[in-house]
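Here are my notes, as promised. Have a look at the model first, then read on.

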Amino acid sequence: MRDALLLLVILGAVPFIVRHPFTGVLAWAWFTIMTPHQLAYGVFGVPLNMVIAAVTFSAYLVTGQFPKFRADATTVLAGLFAFWLVMSQIFSLAPENSQLYFDRFIKTMLFAIICMQMADTKLKVNALLWMLVGGMGFFALKGGLFTLLTFGQFRVHGLPQTVLEDNNHIGIAIATILPLILYVRETASEKFVRNGALVLFGLALVAIVGTHSRGAFIALVMFGVYLWFKSSRKIPIAIAAVVLAMPLLLFVPSKWTERMTTITEATQDKSFMARVDAWIINTKFAIQNPVTGAGLRNPYDRDLARLVDRERAEEARAGHSIYFEILGGTGFVGLAIYLSMLASGFLKAHSLSRERPGNTAPRWARRLAYHAQISLAVFAIGGASTSMEMWDGYLLVLALIAAVGNLTAAGPQTPRINNAFDDDRRARWRKIRERGDGAATPAGRLGRARVSP
């Protein structure tokens, strides 16, 4: 039943995507964030998102929006990094091993660039934001309730066979959207939405604790500290943190506490030392291939890893760091471009959020930039211990920052409806004006009544 419903939604969305390409961007975002096809049985693993992506990109080109391409710094760096992924694959040490990850990453980068370009109004920016918060909020809600019902005895995991399957990944992803949940609560006009966002925020905190992830816990602490330093209401935030932390600490099982205390004993932890081995192997691959690297995820291959470090290759697995994954896969050049892309987005958000005389950005844009920079900082810290460089969520945050920056640079614009119905309506009114002053029409009589003494 769910298969038929999902296919019906996709088929029903295609005509709207052809007419309004941004509808495809939202559908694309839904698939990349929530991967609903992985929840279905008959279409499990079927790349339905590729159908949406192909239709969306085709509609984007056909409707003539490509000439309006906005070459801001973040978009240019994202495009340059995508180009470098291509170069890395061309010179990959084992192209057959890296091909799958290259396909996944290049599609993710293409999605981010499309979002940067097509989110050209406040409505579209907020729609993308809600899609991200709603998609990840589903997993936060589910994980939080699961943790409460099981009293935290079991770990929260993401959807199988996705980027967020690992408990560390889902925990850091949820921590990344915490600032955006606060933005939704802050800007929502309806009381039930604000209350719902507050409940979701609380369950997200519980879900992060329920992952039993040390990396997610560090990201959560980073979120609290950064929010506290950036906010002008430090005392209320400190009180709220204590009020939320006390029941959580009393609620969590002893094995969670024991696991978190091992953070201070990292050098004695086998899991952490295995990550260090993987970081060293990725670094050695980059030293031997400084320009294009070894190819995405090729350092995972033991036979290749033995060529650079035979001893560590026996234990090393995943890179467990977005930075070392990029370093080993794309070389020092690729890492420099990647870090520049992240820094560009962060600095742009910081600039937009500052309360200064020269900042002409509207308040909603400043507040979104303020929360987005916290979100990006949380991911940058959490991603240092996980292989999440291919996750769409943080790239969508970058896209939102770039889109808001482009909107504020262009200045306030009056939205214009551009469809066949509107064209026909304008043509009819043009004929009326040509026949006379429109006094015989109801609108004309109303206008004359308003100006008559």
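The points below cover backbone angles, one helix and a charged patch.

1. Ground rules: this is a predicted model, where local features need pLDDT of at least 70, side-chain atom pairs count only at pLDDT 80 or more, and totals for chains, interfaces and linings use all residues. Residues are numbered from 1 along each chain as its sequence is written, and side-chain values use heavy atoms, with hydrogens and water left out.

2. Start with α8 (191-210); helices here are DSSP runs of H or I, at least four residues, numbered from the N terminus. At 1.5 Å a residue, its 20 residues should span 28 Å (the expected span is 1.5 Å times one less than the number of residues), and the end C-alpha atoms sit 29 Å apart, which agrees. Its buried residues (under 20% relative accessible area, 1.4 Å probe, protein chains only) include V193, L200, F201 and G210.

3. After α8 comes H212, with a positive phi near 60 degrees. Most residues other than glycine have a negative phi. H212 lies in the loop leading to α9 (214-230) and is buried, at 4% relative accessibility.

4. F151 also has a positive phi, near 55 degrees, without being a glycine. It is found in the loop between α6 (122-149) and α7 (167-187). Buried or exposed? F151 is exposed (over 50%), at 54% relative accessible area.

5. R354, in the loop between α14 (322-353) and α15 (363-382), is partly exposed (between the buried and exposed cut-offs) at 43% relative accessibility.

Note on methods:
Helices (H or I, at least four residues) and strands (E, at least two) are DSSP runs, numbered from the N terminus.
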